[in-house]
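Open the model in your viewer and switch to cartoon view. Keep side chains at hand for the later stops.

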Amino acid sequence: MMEIEEVNSYESLPLLSLNHVSLLCRSVWDSMRFYEGVLGFIPIKRPSSFEFNGAWLYNYGIGIHLIENPLIDDFDTIIEPRPISPKDNHISFQCRDVGIVKGRLEDMGMKYVTAVVEDEGNTVDQVFFHDPDGYMIELCNCENIPILPVSACLFKPRMSSFGRAVFGPAKCGFVENAMMESLSMDMLDISF
């Protein structure tokens, strides 16, 4: 009789953090002005080996890589900008004061949508708006809702040779340990 080996026995990849987000844009100049002027990103040196127009920006521990493609509309069937919807793809940044964000967006004449998330007495205010190419940006006070793991990695079900779930200790990988250590440090920072 042949024993079936569990297929999902691989550990996750050894990721450390989000490095950058790459965005196609119609005009590098317009997008740079937006990410610098509205969101506070700073242009940084880009490798000279690239043979296409683009720009790299950095702030808040994350990079934004702009790649110019003036023909972007040829690949996108949307003629009008998509509605601003919290349920659409977006990049989210924490901010100090959502009220100031809304005031400044109004001063710039930018359209935005707000939303509120509540959980166990905690409230998060969100502001959503588009960049020049229609990519959605969220600014929020998301730190108001604590980051709590759904489950610990101590007891994960695994399948036995007979097709039944067996509960027992599972190894925590490098990533899980790093996340839990980072979460613990963040929770200590919040508590003091």
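What follows is a tour of a predicted model, stop by stop.

**Stop 1: the sheet of β1 to β4**

Start with β1, residues 20–25. Which strands join it, and in what order? The sheet is open, has four strands, and reads β1-β4-β3-β2. Its pairing is mixed. Now select 42–44, which is β2. Both β1 and β2 are edge strands, and each pairs on one side only. Look along the sheet: from one strand to the next, the twist averages 30°.

Next, select 54–59 and 62–68. These are β3 and β4, an antiparallel pair with six bridges. Pick Ala55 and look across to β4: Leu66 stands opposite.

**Stop 2: past the end of β4**

Select Pro70. This residue lies in the loop that runs between β4 and α2 (72–75). Is Pro70 buried or exposed? Pro70 has a relative accessible area of 56%, over the 50% cut-off, so it counts as exposed. Add Leu24 to the selection. Leu24 and Pro70 are 46 residues apart along the chain, yet 9.0 Å separates their C-alpha atoms.

**Stop 3: the sheet of β5 to β8**

Move on to the other sheet of this tour. Here four strands form an open sheet, again of mixed pairing, in the order β5-β8-β7-β6. The edges are β5 and β6 (113–119), with partners on one side only. The twist in this sheet averages 25° between one strand and the next.

Zoom in on β5 and β8. The two strands run parallel and are joined by four bridges. Select Phe93 and find its bridge partner in β8: that is Leu139.

**Stop 4: the aromatic rings**

Show the aromatic side chains. How many aromatic pairs are there? The count is eight. Select Phe34 and Tyr35. Their ring centres are 4.9 Å apart and their planes meet at 85°, so this pair is edge-to-face. Both residues are buried.

Keep Tyr35 and add Phe41. Here the centres lie 6.3 Å apart and the planes stand at 80°, so the pair is again edge-to-face. Tyr35 has a relative accessible area of 0% and is buried. Phe41 is buried too, at 2%.

Now widen the selection to Phe34, Tyr35, Phe41, Tyr60, Phe93 and Phe129. Ring pairs link these six names into a cluster. Phe93, the partner of Leu139 in the second sheet, belongs to this cluster.

For a contact of another kind, select Arg46 and Phe52. The charged end of Arg46 sits over the Phe52 ring, 4.9 Å from the ring centre.

**Stop 5: the largest nonpolar core**

Which residues have the most contacts inside the largest nonpolar core? They are Tyr35, Leu39, Leu66, Phe93 and Phe129, in a core of 25 residues. Several have been met already: Leu66 is opposite Ala55, while Tyr35, Phe93 and Phe129 are in the ring cluster.

Colour the contributing elements. Those that give two or more residues are β1, α1 (28–37), β3, β4, β5 (91–94), α3 (98–107), β7 (122–130) and β8 (136–140). The most comes from α1, which gives four residues.

Last, colour by domain: domain 1 is 18–72 and domain 2 is 82–155. The core draws at least three residues from each of them.

Key. Residues are numbered from 1 along each chain as its sequence is written. This is a predicted model: local features need pLDDT of at least 70, side-chain atom pairs count only at pLDDT 80 or more; totals for chains, interfaces and linings use all residues. Side-chain values use heavy atoms; hydrogens and water are left out. Two strands pair if DSSP finds at least two bridges between them. Axes are lines fitted to C-alpha atoms, for helices over the stretch in contact, and angles run from 0 to 180 degrees between N-to-C directions. Rings of Phe, Tyr and Trp (its six-membered ring) pair if their centres lie within 6.5 Å; planes under 30 degrees apart count as stacked, over 60 as edge-to-face and the rest as tilted. Buried means under 20% relative accessible area, exposed over 50%, partly exposed in between (1.4 Å probe, protein chains only). A charge sits over a ring if NZ of Lys or CZ of Arg is within 6 Å of the ring centre and within 35 degrees of the ring normal. A nonpolar core is a set of buried Ala, Val, Leu, Ile, Met, Phe, Trp, Tyr and Cys residues joined through side-chain atoms within 4.5 Å. Domain bounds come from an automatic or database domain assignment.
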